[in-house]
Amino acid sequence: ALFTAWSDKLTGEEVCQLKDYLVKEWGRTKAITEPTDFGSMCSGTDIPAAVCEQWWLWAGQWTGQDFEYKHRFSSELDAKKRAFINVMHPNVGHIFGNVKDLSHRSGEAWDLKRRDLVRVPVCRILAAGFPCLDVSGLNPHSRTLRNRQCISQVALRTGGVFSGIVEYIKAMICRRSPPEVMIFENVLGLKNPPRDDPNGPSNLDIVGLMLSGLGYRLHAWHLSPRMFGVPQCRQRVWMTAIRTSNMEGVLADFSESSEILAELMSRITGFPESKLVKYLVNSRSRAHIKFLETVAARRQLQKKRYAAASVKQQVGRTIEKKRDIAVQKKWKTAFKAAVKKYPYLDTLTTRKRALMCTIGVSAFPEKQIRVVDISQNKARTNLVSGYVPCITPKGEKYLTDRCRPLLGVEALRLQGMWLELGNPKIHDMSDSLLRDLAGNAFEQSCFAAVLWCTLVFYAKMHHRRTAAGMQPRTPIYLPDPMLEKCEDDDDVRTEVLGGGHDQGNSSVVSQHKTD
């Protein structure tokens with residue numbers, strides 16, 4: 001539905017350009033015999049793979065052309081997340097662990113799906129995430145010099161994983177098959193400059209600089225799902241890496257690409273927001289019944305722990321009760337009366353109860369859907385109406401009209417993944433695991449928007465090259481003799497891919513913002 005709506009935003013000329021580009025550069029022709037391969041690194045639930053599959057199905061119907069799509073590989077360090085990917089994406093060719101293993105000199109890596117050593121696959125579309133904790137505003141250490149320079153210093157998890165992504169790209173360049181489309185996502189803290197040098201380069205600037213040396217120009221947007229009608233406020237930096245070889249001889253200055261990409265994105269934002277209730281399960285669903293069973297087990301465990309608590313622990317509980325004085329008596333009475341009908345309330349800590357009281361949760365339940373993240377302190381959260389604050393791995397979003405938290409399956413829906421609740425393999429997964437998966441996932445609508453703008457931009461460049469009588473760019477799967485020297489000469493690598501041009505290869509962040 002999104003792609004159809006966005007295609008209506010194109011002019012007649014742009015429609016012809018996009019169809020021509022897709023057919024000639026991505027369709028099944030004599031010159032292009034390889035499928036449209038997709039690879040992902042640390043994207044959480046691999047939502048981008050589902051988006052790409054839907055995109056090529058839609059593009060095939062739209063153009064009347066045959067597009068062959070293959071989910072070539074995924075890379076995920078966490079074993080539980082790998083298991084989820086294997087269940088949700090059974091057609092994925094390979095599943096790897098550490099991203100750094102994909103750039104080994106042997107060109108091989110251990111495939112955790114096949115339990116064998118395999119040649120690292122190439123891909124034309126790459127979706128790659130790198131850990132955000134080190135640069136997130138929720139991390140008290142994110143303002144330190146080490147965190148603000150983790151990309152350039154290849155430090156912490158953020159810098160280490162991104163370095164692994166870059167090494168994979170280099171390895172693919174040497175195999176004459178660099179990705180055509182690369183999309184990244186991270187938190188807004190990636191844009192923050194070093195604390196002791198406000199004018200210094202941010203981690204985002206360093207990302208752009210590193211990719212420019214490989215023949216790509218980075219463009220970034222500040223996006224949120226609410227811009228595309230999804231009732232979740234998840235503000236992120238979304239990045240696309242444009243191959244400079246596609247712009248050579250077409251754009252006088254590569255910085256023009258940022259203006260074009262920003263304008264394309266501005267056309268497709270502003271969707272009317274969907275009702276939050278559409279994403280929530282009913283009280284008779286398997287997910288909700290399983291949640292109630294979990295709550296009952298948690299209450300029993302709490303009672304046992306309290307009965308077996310030491311004298312020191314009992315004193316601690318007494319102190320906690322004194323803190324409970326901050327909660328208004330009238331509010332406390334209403335809260336306790338609701339516990340019988342809504343047992344989840346009884347599992348809340350005193351801190352969470354006090355937060356709900358002071359922030360304005362007035363009844364149990366309330367008539368209106370309001371949401372508050374009770375996992376945060378008062379300074380970092382607020383009570384919002386009609387949408388969900390940013391879904392995070394350990395977040396606990398309280399729904400005031402249901403007196404329960406946002407469930408894992410609901411969080412995944414807000415990220416764009418609608419699970420089949422009857423699937424027994426999914427039913428065995430805990431709610432906390434599903435919430436963790438959702439918090440680390442790429443959001444569907446934002447990824448789709450970045451993919452759309454990137455391909456429309458490439459279509460424009462393809463049309464300009466053709467109109468100017470220039471040779472269309474050689475498909476990346478065809479051999480290029482110049483790249484044979486790649487293993488021995490790093491300068492050739494930059495020259496062939498269009499890097500090394502001082503034409504504004506720095507990252508530019510378009511100010512597309514939402515509340």
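## K290, the cores and the packing around them

Leaving aside neighbours within four places in sequence, K290 is in contact with I426, H427, D428, M429 and S430. This is a predicted model. K290 belongs to helix α9, which covers residues 286–307. Its partner D428 is 138 residues away along the chain, yet the C-alpha atoms of K290 and D428 are separated by 9.8 Å. Is K290 buried, exposed or partly exposed? K290 has a relative accessible area of 21%, so it counts as partly exposed, given that buried means under 20%.

**Overall make-up**

The protein chain has 515 residues, and 54% of them are buried. It holds 17 helices and 14 strands. Contacts across long stretches of sequence are a feature here. Among contacts between residues at least 6 apart in sequence, 72% join residues at least 24 apart.

**The nonpolar cores**

In soluble globular proteins, nonpolar side chains tend to be buried together. Here, the largest nonpolar core has 105 residues. L22, W55, L345, F364, Y398, W452 and F457 have the most contacts inside it. Which helix gives the most to this core? Helix α16, residues 444–467, does, with 14 residues. Another core lies apart from this one and has 40 residues, including L102, A155, F162 and L214.

F364 shows what such a core residue touches. Beyond its neighbours within four places in sequence, F364 is in contact with W331, A334, F335, A338, Y342, L345, M356, Y398 and C403. Of these partners, L345 and Y398 are also among the residues with the most contacts inside the core.

**Helix pairs**

Helix α16 also meets helix α8, residues 256–268. Their axes come within 10 Å and cross at roughly 130°. That angle makes α8 oblique to α16. The crossing is right-handed. On the α8 side, the residues that meet α16 are S257, I260, L261, L264, M265 and I268. On the α16 side they are A449, V450, W452, C453, T454, V456, F457, K460, M461 and R464. W452 and F457 thus turn up in this interface as well as in the list of core residues with the most contacts.

The buried residues of α8 include S257, I260, L261, L264, M265 and I268, along with S258 and A262. Just after α8, G270 takes a positive phi of about 95°.

A second pair is formed by helix α13, residues 408–415, and helix α15, residues 431–439. Their axes come within 7 Å and cross at roughly 20°. That makes α13 roughly parallel to α15. Here the crossing is left-handed. G408, V409, A411, L412 and Q415 in α13 meet D431, L434, R435, L437 and A438 in α15.

**Strands β6 to β9**

Strand β7 covers residues 181–186. Six of its six residues are buried, so β7 is largely enclosed by the rest of the structure. In a regular strand the side chains alternate between the two faces of the sheet. In β7, V181, I183 and E185 point one way, while M182, F184 and N186 point the other way.

Strand β9, residues 236–243, is mostly covered too: eight of its eight residues are buried. R236, W238, T240 and I242 point one way from β9, and V237, M239, A241 and R243 the other.

The pairings of these strands are listed below.

| Strands | Sense | Bridges | Opposite residues |
|---|---|---|---|
| β6 (residues 125–129) and β7 | parallel | five | I125 and V181 |
| β7 and β9 | antiparallel | five | M182 and A241 |
| β8 (residues 216–223) and β9 | antiparallel | eight | R217 and I242 |

One further partnership links β7 and β9: the bridge partner of F184 is M239 in β9.

**A four-strand open sheet**

Four strands form an open sheet in the order β11-β10-β12-β13, with antiparallel pairing. Which strands stand at the edges? They are β11 (384–385) and β13 (404–405), each with a single partner strand, so one side of each is left without a neighbour in the sheet. Two bridges join β13 to strand β12, residues 397–399. Y398 of β12 stands opposite P405 in β13. Y398 therefore links this sheet to the text above on the core: Y398 is one of the residues with the most contacts inside the largest nonpolar core, and F364 is in contact with Y398.

Key: Residues numbered from 1 in each chain as written. Predicted model: local features only at pLDDT ≥ 70, side-chain atom pairs only at ≥ 80, totals over all residues. Heavy atoms only, no water. Core = buried A, V, L, I, M, F, W, Y, C linked by side-chain atoms within 4.5 Å. Buried < 20%, exposed > 50% of the residue type's maximum accessible area, 1.4 Å probe, protein only. Contact = heavy atoms within 4.5 Å. Pairing = 2+ DSSP bridges. Axes fitted to C-alpha atoms, helices over the stretch in contact; angles between N-to-C directions. Parallel < 35°, antiparallel > 145°, perpendicular 65-115°, else oblique. Left-handed = near helix turned anticlockwise from the far one by under 90°.
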